[in-house]
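Reader: I'd like a close look at one charged side chain and its surroundings. Could you walk me through it, and then set it beside the other charges in the model?

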Amino acid sequence: MASSKYTTPVFKKDQPDDSYKFQPLPKPTGQYPFRLPIQEVMPGISEQKLVFHMVGDTGSIRNPDYQRLVANAMRLQYTEADGVENKPQFLYHLGDVVYNHGEAIRYDDQFFTPYQTYPGEIFAIPGNHDSDVNPESQVPYHSLEAFKTVFCDTQRRQVPFSNNSNRLSIVQPNVYWTLQTSLANIIGLCSNVPKYGIITSEQREWFINELKAADAERPDKALLVCLHHAPYTADINHGSSQPMISFLEDAFEEAGVRPNLVLSGHVHNYQRLCKTYADGVSVPFIVAGGGGYDELHAIAATDDERFTNDSPLLNDVKLEQYVDNRHGFLKITIEKENTELTLTGEYYTLPHELPEGNETEEAVLADRFTINII
């Protein structure tokens, strides 16, 4: 008889302390407070409807087929969309663009080639693998050096290690930054290399200020928070991150602001969790790290003694939906009708067993949720 799965997030017991892997962040390329109005990159973008993809953990050294399958499925959603207003306008990457150590030589195979036909712009926050440094590299480099070249440039240009790709660099002002659109502010964090993440006091102060600034624009704009390391998760590989839970919840309390949605990667599956706070307000926490890395992470079984949900940090958080056996991606739609703003999330999956020679398999809707921005 199969064991039942957890319906709450879990902690992995006996977690190792790998905080020694922390890497200092590179200098910003833009000015504080590190905001990028989307019109500077995408002039003429609609002010009534925002449609975009989100996915994490796409890179893979051993088997790139799943990444290509996901990338092609997202491309098809653009080319086959019913009307211009329904076309996804960009991809927001939730980290781990390349494996295993953020090296420039890996970007062609793991980023530029798989996304060469993706029609939209690609923004990103870094993951732990993007931030890491290969100690065996014959060419010395610094943490996030290649990521910064691709995503945090001072002007748009061809990336020297892109194998002459037509995809130009992006001008994000920092490795943690805010994407400003007419319908949403998307705050992206950099949670560094260690398995459960580390965020410095300097970034924490910036984050609290960005929460307050974004909150001042609600309810006209949604507020999304993105970070690579998943705070709440029920998977068997990582388990929930106590440092990220404490960081986020303390910052929300100090700012007096909670986002409409929190999104992360790191865990190689899809999970929709929901935390209900003492005042009755609920916030979805989405894990969308099934973007292409060939090894998926299963949801923990309740009889697996390596995990526990016995912690006050996990109280009032429920796992409402998950997909742990297929790769996939999110499509987010934010739409304004009269004075009302609605956010809809849709998670699409691809077959885990690849059809012979088929890289254009149509994605299947696996989950859907809606948030009314109040």
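Author: Let's start with Lys87, which touches Val51, Tyr78, Thr79 and Ala81, leaving out residues up to four places away in sequence. This is a predicted model, by the way. Lys87 sits in the loop between α1 (65-79) and β4 (90-93). Here's the odd bit: Lys87 is buried but has no salt bridge. The nearest side chain of opposite charge is Glu85, and that is 8.9 Å away, whereas a salt bridge needs a nitrogen-to-oxygen distance within 4 Å.

And what is Glu85 up to? Together with Asp82, Glu335, Glu337 and Glu340, Glu85 belongs to a patch of negative charge on the surface. One of that group, Glu340, is in strand β15 (residues 340-349) and counts as exposed, because its relative accessible area is 58%.

Now for charges that do find partners. Side chains of opposite charge can pair when their charged atoms come close. The count of salt bridges here comes to 16. Take Arg272, in strand β10 (residues 270-276). Arg272 is buried too, at 14% relative accessibility, but its side chain meets that of Asp367 in a salt bridge of 2.8 Å, N to O. Asp367 lies in strand β16 (residues 364-373), so this pair ties together parts that are 95 residues apart in sequence. Asp367 is itself buried, with a relative accessible area of 6%. Beyond four places in sequence, the contacts of Arg272 include Phe285, Ile286, Lys318, Glu320 and Phe369.

Strand β10 also holds Lys275, which pairs with Glu249 of helix α6 (residues 242-255), so parts 26 residues apart in sequence are tied together. That salt bridge is 3.4 Å, N to O. Both ends are buried: Lys275 at 12% relative accessibility and Glu249 at 15%.

Glu210 and Arg35 make another pair, at 2.8 Å, N to O. Glu210 is in helix α5 (residues 201-215) and Arg35 in strand β2 (residues 35-37), so the bridge joins parts 175 residues apart in sequence. Glu210 is buried at 3% relative accessibility, while Arg35 is partly exposed at 34%.

Last stop, Arg62, in the loop between β3 (49-55) and α1. Arg62 counts as exposed, at 56% relative accessibility. Arg62, Asp294 and Glu295 are linked in a network of salt bridges, and Arg62 is also in contact with Tyr293.

So back to where we began: Lys87 is buried with no salt bridge, while Arg272 is buried and paired with Asp367.

Terms used:
Residues numbered from 1 in each chain as written. Predicted model: local features only at pLDDT ≥ 70, side-chain atom pairs only at ≥ 80, totals over all residues. Heavy atoms only, no water. Helix = DSSP H or I, 4+ residues; strand = E, 2+ residues; numbered from the N terminus. Buried < 20%, exposed > 50% of the residue type's maximum accessible area, 1.4 Å probe, protein only. Lys, Arg positive; Asp, Glu negative; His and termini not counted. Contact = heavy atoms within 4.5 Å. Patch = residues over 30% accessible without salt bridge, like charges linked within 9 Å, V, L, I, M, F, W, Y side chains within 5 Å. Areas by Shrake-Rupley, 256 points an atom, 1.4 Å probe, with all protein chains shown as cover. Charge placed at Lys NZ, Arg CZ, Asp CG, Glu CD.
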